[in-house]
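Trainee: Please take me through the sheet in this model and the helices that pack around it. I would like the details of strand order, pairing and helix contacts.

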Amino acid sequence: RAAGAACLGSAWACRSQVIMNRKKILVVDDNLVILKTISMKLAANEYDVCTAEDGAGAVSAVRRDKPDLILLDLSFPPDVAHGGGVPWDGFLIMNWLRRLDEAKGIPIVIITGGDPAKYKDRALAAGAVSFFHKPINNDELLTVIRKTLEDGKTAKEIPSPALSQTA
């Protein structure tokens, strides 16, 4: 009975319990088409997938699902649905995730339609392990994901602003 209790919920969650060696990837993007297409591609390549449409969802998913890697968009509309108009962006989400013990070592790969000249260096400096401009080459993305997970890469350690100012 206890084993059955672990599989309560969706069939997907149950399947994740059965296949323990599969890696879990969190995809964070406000575009539902992007979420669906990337999720399908990852699932077809033997990854378990969880998704979030905004920063709050990303934080919740990291705490709940404990992903092995995060694919993160940089551009999000203001969070007006929750009354505050919080201007989430991928950099703010990365900052929030760094503060969570559960997320400190999770590698983050940026997927964005934003201008690479404007965002790539900043994203890598903020701790992303890789950067992809949309439309994404799925084969290249899958190669980076596989290598990152196989090599055991973790989020890059970023010195705190107070430390880097005194150095």
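Mentor: What follows goes from the sheet to the helices.

The model is predicted. Its open sheet has five strands, paired in the parallel sense and ordered S2-S1-S3-S4-S5. The edge positions belong to S2 (48-52) and S5, each with a single partner strand, so one side of each has no neighbour in the sheet. On average, neighbouring strands are turned by 20° against each other, direction ignored.

At one edge, S1 (residues 24-28) runs parallel to S2 and is joined to S2 by five bridges. Lys 24 has Asp 48 in S2 as its bridge partner. At the other edge, four bridges link S4 (residues 108-112) to S5 (residues 130-133), again in the parallel sense. Here Val 109 stands opposite Ser 130 in S5. The connection through helix H6 (residues 116-125) makes S4, H6 and S5 a right-handed β-α-β unit.

Two helices lie across several strands. H5 lies across S1, S3 (69-72) and S4, at about 160° to S3. H7 (residues 138-151) lies across S1, S3, S4 and S5, at about 150° to S3.

H5 (residues 90-98) also packs against H4 (residues 55-65), with an angle of about 30° and the axes 10 Å apart. Because the angle is under 35 degrees, H4 counts as roughly parallel to H5. The crossing of H4 past H5 is right-handed. From H4, Gly 55, Ala 58, Val 59 and Val 62 take part, meeting Ile 93, Trp 96 and Leu 97 of H5. By class, this contact has six nonpolar residues, one polar and no charged ones.

How values were computed:
Residues numbered from 1 in each chain as written. Predicted model: local features only at pLDDT ≥ 70, side-chain atom pairs only at ≥ 80, totals over all residues. Heavy atoms only, no water. Pairing = 2+ DSSP bridges. Right-handed = clockwise from strand over helix to strand, strands pointing away. Axes fitted to C-alpha atoms, helices over the stretch in contact; angles between N-to-C directions. Parallel < 35°, antiparallel > 145°, perpendicular 65-115°, else oblique. Left-handed = near helix turned anticlockwise from the far one by under 90°. Contact = heavy atoms within 4.5 Å. Nonpolar A, V, L, I, M, F, W, Y, C, P; charged D, E, K, R; others polar.
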